[in-house]
Each structure stands twice: as C-alpha cells, then as structure tokens.
Amino acid sequence: MDIIEFLKARLDEEEAKARAAHGATWVASQRGGVVDLDDTDGNQIAGGDGGLAWSDADFMAHNHPARVLREIAAKHAILLQYTDAVTDWEEDREAPDGVGALEAVILRMAGVYAAHPDYRQEWAP
C-alpha cells in the first residue's frame with residue numbers, strides 16, 4: 001500500500017462515519033444549564049443528561065458531518081492534483097512545478113494517521 005492508497009482508505013473510513021452520523025449540521029445549545037448537541041432539525045444528537053461539557057458540544061458542532069464531508073472532498077482534490085501531476089512525470093526529468101509542495105502536504109496529511117497500523121514511518125515528514 002502506498003501513501004495515496006493509505007490516505008484514500010482513511011478518507012473513505014471517515015466519509016462512511018460522517019455519512020452514518022445523524023443530521024448533516026449540528027449546533028450546540030444550552031437550556032436550563034444543560035448542554036445539548038442537536039441537528040438543525042432539532043433532533044438531539046448528544047447531551048441532555050448533564051454529562052456533556054459546553055466545550056465538547058461546541059467542538060462536536062464545529063465538526064458536524066457536512067463540514068467533515070467538505071474537508072474529505074478537499075483532501076481528495078489534493079490527492080488527485082498530486083497524482084495528476086506525477087502521472088506523466090518521468091523519473092529522469094525534473095519534477096513538475098508544485099509536486100514537492102504537494103508531496104510535503106500529503107506527508108503531513110498521512111501523519112494525522114500515524115497511530116494507524118498501516119502507517120509507515122518512512123512517511124513521517
């Protein structure tokens with residue numbers, strides 16, 4: 001498995017989780033001192049029992065499924081831009097403009113998953 005395959009697999013896993021989550025957009029709210037995480041249709045996602053801290057609900061609301069899916073799409077676009085740039089590149093020629101920068105971005109994207117068993121230390125930036 002190369003780094004591109006590794007990243008695509010991780011992004012696919014994240015996409016499946018985001019699509020399985022309830023509601024597309026989440027909002028944190030506080031009613032009577034009790035913190036809730038709701039979707040925009042008013043369905044409770046988490047909280048309501050006093051066990052959810054405002055900072056946690058706010059963080060979860062910021063990372064709602066719709067935003068996560070947009071981030072995944074952006075990361076797929078970066079991977080595509082990189083693979084398109086290197087597809088026609090022959091090793092005996094100079095790398096196309098921007099390939100080095102894209103490669104550095106991809107290494108850092110993979111570093112997010114350093115704890116994953118398929119991550120290779122050679123990808124560490």
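Select L52 to begin: leaving aside its neighbours within four places in sequence, L52 is in contact with V35, D36, L37, A46, G47, A57 and M60, where contact means heavy atoms within 4.5 Å. This is a predicted model, in which local features need pLDDT of at least 70 and side-chain atom pairs count only at pLDDT 80 or more, while totals for chains, interfaces and linings use all residues. Residues are numbered from 1 along each chain as its sequence is written, and side-chain values use heavy atoms, with hydrogens and water left out.

L52 sits in the loop between β3 and α2; helices (H or I, at least four residues) and strands (E, at least two) are DSSP runs, numbered from the N terminus. With a relative accessible area of 13%, L52 is buried, a word that stands for under 20% relative accessible area, with exposed meaning over 50% and partly exposed the range in between (1.4 Å probe, protein chains only). For a sense of distance, add V86, which is 34 residues from L52 along the chain and whose C-alpha atom is separated from that of L52 by 47 Å.

**The sheet**

Next, display the strands as a cartoon, where an open sheet of three strands appears in the order β1-β2-β3, with antiparallel pairing; two strands pair if DSSP finds at least two bridges between them. Because β1 and β3 stand at the edges, each with a single partner strand, one side of each is left without a neighbour in the sheet. Neighbouring strands of this sheet are turned by 25° against each other on average, direction ignored, with axes taken as lines fitted to C-alpha atoms, for helices over the stretch in contact, and angles running from 0 to 180 degrees between N-to-C directions.

Select strand β2 (residues 34–39): five of its six residues are buried, so β2 is largely enclosed by the rest of the structure. Six bridges join β1 to β2, and these two strands form a hairpin with two residues between them, where G32 in the turn has a positive phi of about 60°. On the other pairing, three bridges join β2 to strand β3 (residues 44–47); this hairpin has four residues between its strands, and G42 in the turn has a positive phi of about 90°. To follow the register, pick D36, whose bridge partner in β3 is G47, and then D38, whose bridge partner in β3 is Q44.

Now move to R31, which lies in strand β1 (residues 26–31) and has V34 as its bridge partner in β2. R31 is partly exposed, with a relative accessible area of 47%, and, not counting residues up to four places away in sequence, R31 touches D36 and D38. The C-alpha atom of N63, 32 residues away along the chain, is separated from that of R31 by 21 Å.

**The helices**

Bring in α2, which lies across β1 and β2 and runs at about 155° to β1. Then select helix α3 (residues 65–87), whose 23 residues reach 32 Å from the first C-alpha to the last, close to the 33 Å expected at 1.5 Å a residue; the expected span is 1.5 Å times one less than the number of residues. Buried residues of α3 include V68, I72, K75, L79 and Y82, and what covers the buried residues of this helix includes α1, β1, α2 (54–62) and α4.

**The aromatic pairs**

For the last stop, show the aromatic side chains, since a search of the whole structure finds four aromatic pairs. Among them, F6 and Y113 form a pair that is edge-to-face, 6.2 Å centre to centre with 80° between the planes; rings of Phe, Tyr and Trp (its six-membered ring) pair if their centres lie within 6.5 Å, and planes under 30 degrees apart count as stacked, over 60 as edge-to-face and the rest as tilted. F6 lies in helix α1 (residues 3–20) and Y113 in the segment after α4 (99–111), so the pair ties together parts that are 107 residues apart in sequence.

Both F6 and Y113 are buried, and with Y119 and W123 they form one aromatic cluster. Finally, add R10, which lies over the face of F6 at 4.8 Å from the ring centre; a charge sits over a ring if NZ of Lys or CZ of Arg is within 6 Å of the ring centre and within 35 degrees of the ring normal.
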